[in-house]
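I am opening a notebook page on a structure that is new to me. The entries below record what I looked up, topic by topic.

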Number of protein chains: 2
Amino acid sequence: MSRPPEPILGLPTEPTQARRFGKTRTAQSSAIAEDYAELIADLLASVGEARPTDIARRLGVSHATAIKTVARLKREGLATSRPYRGVFLTEAGEALAARVKARHRLVVDLLRAVGVPAEAAEQDAEGIEHHVSDVTLAAFEAYLQR
Amino acid sequence: MSRPPEPILGLPTEPTQARRFGKTRTAQSSAIAEDYAELIADLLASVGEARPTDIARRLGVSHATAIKTVARLKREGLATSRPYRGVFLTEAGEALAARVKARHRLVVDLLRAVGVPAEAAEQDAEGIEHHVSDVTLAAFEAYLQR
DNA sequence: CCTGAAATGTAGTCGCAGCTACACTTTCTG
DNA sequence: CAGAAAGTGTAGCTGCGACTACATTTCAGG
Ligand SMILES: [Mn+2]
Ligand SMILES: [Mn+2]
Ligand SMILES: [Mn+2]
Ligand SMILES: [Mn+2]
């Protein structure tokens, strides 16, 4: 007979903590897809096309890396592309990009609102955004409208 | 002759954006080490030892994964361990754990302060914490003392 | 309209973080 | 104190995201 999960002083319960870390890992694995979707949408909107080289330069990675990751987006139904013809977003990809872009803005705004300097806010938001849940996002929105 | 880097409407300049994404990638690669250090310190403080199985259960990963990652921490000079004898932190590891723990608390407190519900704050902080720079952290602290 | 530069694609390698399976050691317990 | 249970370690596999090197295709200037 195994002992019942005895809670430890100050620490969350074991399954609770495991679930939290697990969700964080999941969020992390979608982070790159989110950034690609957002960036591709931005490029399509501002310059009319999203070429692998441009994506790569903006992300600071090699073009080979960008191309491989775009292949993953295609596998996941977020993007389309044909050889030598640039990258586009599917409906799902555009929807993701829109959500991600709105969230990005909100996170930056919240950081600015609590006194974080502009460049730090932009920098940190790039990572933070991927870990902000809908509940938290709603709280940010409420806070900003107060 | 290559065209001068013409800025694009609404988008950050190319090198700026690349630098931001790069820093985010770097932060991400230290995230796991940070969580391990914090957790090992917590276990040592609360139950007196940090066994691979406990670490694994708390993180929600297999014990094999925990052991491999601890090996990486040892390589990086953050932890020590001997076969079948549990894991300990080096001075560097303890210093990291202390910083990480303080930052974790501050992030949760900030989220709570702007109206994020308790569980969402705890959950999201687990990922957010790894992307909060010192500048942002200072701003959080100032805000909380307003 | 040719040709060289730029972009694109592909192959192969690496480290990390996950997993399962299995072997071995330590600890607990009847 | 012997055997069972629990913990530990190792091997081998996967996918991802990064890289370099090289081959191929497109495209723009002369
Ligand atoms: Mn981002
Ligand atoms: Mn973003
Ligand atoms: Mn964390
Ligand atoms: Mn933490």
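**Entry 1: contacts with bases.** Before reading distances, I note that a polar contact is a pair of N or O atoms within 3.5 Å. I also note that this is a predicted model. I looked up His63(B), and an N or O atom in its side chain is 3.0 Å from a base nitrogen of DNA strand D. For Lys68(A), a side-chain N or O atom lies 3.2 Å from a base nitrogen of DNA strand D. For Lys68(B), the partner is a base oxygen of DNA strand D, at 2.6 Å from an N or O atom of the side chain.

**Entry 2: the surface near DNA strand D.** I then took the surroundings of the strand as a whole. There are 22 residues around DNA strand D, and those that come nearest are Arg72(A), Arg25(B), Arg51(B), Thr53(B) and Lys68(B). By class, I find nine nonpolar, four polar and nine charged residues on this surface near DNA strand D.

Which helix gives the most to the surface near DNA strand D? I found that α3(A) does, with five residues. The elements that each supply at least two residues are α3 (63–75) of chain A and, from chain B, α2 (52–59) and α3 (63–75).

I also checked which parts of the strand face the protein. Of the atoms of DNA strand D within 4 Å of the protein, 69% belong to sugar or phosphate, and the rest belong to bases.

**Entry 3: the manganese site.** Next I looked up the donors of the manganese ion (ligand 1). I list Asp35(A) (OD), Glu126(A) (O), Glu126(A) (OE), Glu129(A) (OE) and His130(A) (NE2), at 2.0 to 2.3 Å. Along the chain, the donors follow the spacing D-x90-E-x2-E-H.

Are Glu126(A) and His130(A) buried or exposed? Both are buried. I note too that Glu126(A) bridges the manganese ion (ligand 1) and the manganese ion (ligand 2), and that these two ions lie 3.6 Å apart.

**Entry 4: salt bridges.** Side chains of opposite charge can pair when their charged atoms come close. Over all chains, I read 16 salt bridges in the structure.

I looked at Arg103(A) and Glu34(A), which form a salt bridge with their closest N and O atoms 2.7 Å apart. This pair links distant parts of the chain, with Arg103(A) in helix α4 (residues 91–113) and Glu34(A) in helix α1 (residues 14–47) of chain A, 69 residues apart. Arg103(A) has a relative accessible area of 11%, so I count Arg103(A) as buried. Glu34(A) is buried as well, with a relative accessible area of 11%.

I then turned to the salt bridge of Arg57(A) with Glu14(B), where the closest N and O atoms are 3.5 Å apart. Why does this pair join two chains? Arg57(A) lies in helix α2 (residues 52–59) of chain A and Glu14(B) in helix α1 (residues 14–47) of chain B, so the pair joins two chains. Arg57(A), at 40% relative accessibility, counts as partly exposed, and so does Glu14(B), at 26%.

In chain B, I looked up Glu122(B), which forms a salt bridge with Arg105(B), the closest N and O atoms being 3.6 Å apart. Here Glu122(B) is in helix α5 (residues 118–128) and Arg105(B) in helix α4 (residues 91–113), 17 residues apart, and the pair links distant parts of the chain. Arg105(B) is partly exposed, with a relative accessible area of 42%.

My last note is on a network: salt bridges that share partners join Glu14(A), Arg51(B), Asp54(B) and Arg57(B).

Technical notes
Residues are numbered from 1 along each chain as its sequence is written. Chains are lettered from A and ligands numbered from 1 in the order in which they are written. This is a predicted model: local features need pLDDT of at least 70, side-chain atom pairs count only at pLDDT 80 or more; totals for chains, interfaces and linings use all residues. Side-chain values use heavy atoms; hydrogens and water are left out. A residue is near a molecule or strand if one of its heavy atoms lies within 4 Å of it. A polar contact is a pair of N or O atoms within 3.5 Å; within protein, one must be able to donate a hydrogen and the other to accept it, and residues adjacent in sequence count only if both atoms are side-chain atoms. Helices (H or I, at least four residues) and strands (E, at least two) are DSSP runs, numbered from the N terminus. Ala, Val, Leu, Ile, Met, Phe, Trp, Tyr, Cys and Pro count as nonpolar, Asp, Glu, Lys and Arg as charged, and the others, Gly among them, as polar. Donors are N, O and S atoms within 2.8 Å of the metal (3.2 Å for Na, K and Ca); water is not among the atoms, so sites may look incomplete. Buried means under 20% relative accessible area, exposed over 50%, partly exposed in between (1.4 Å probe, protein chains only). A salt bridge is a side-chain nitrogen of Lys or Arg within 4 Å of a carboxyl oxygen of Asp or Glu.
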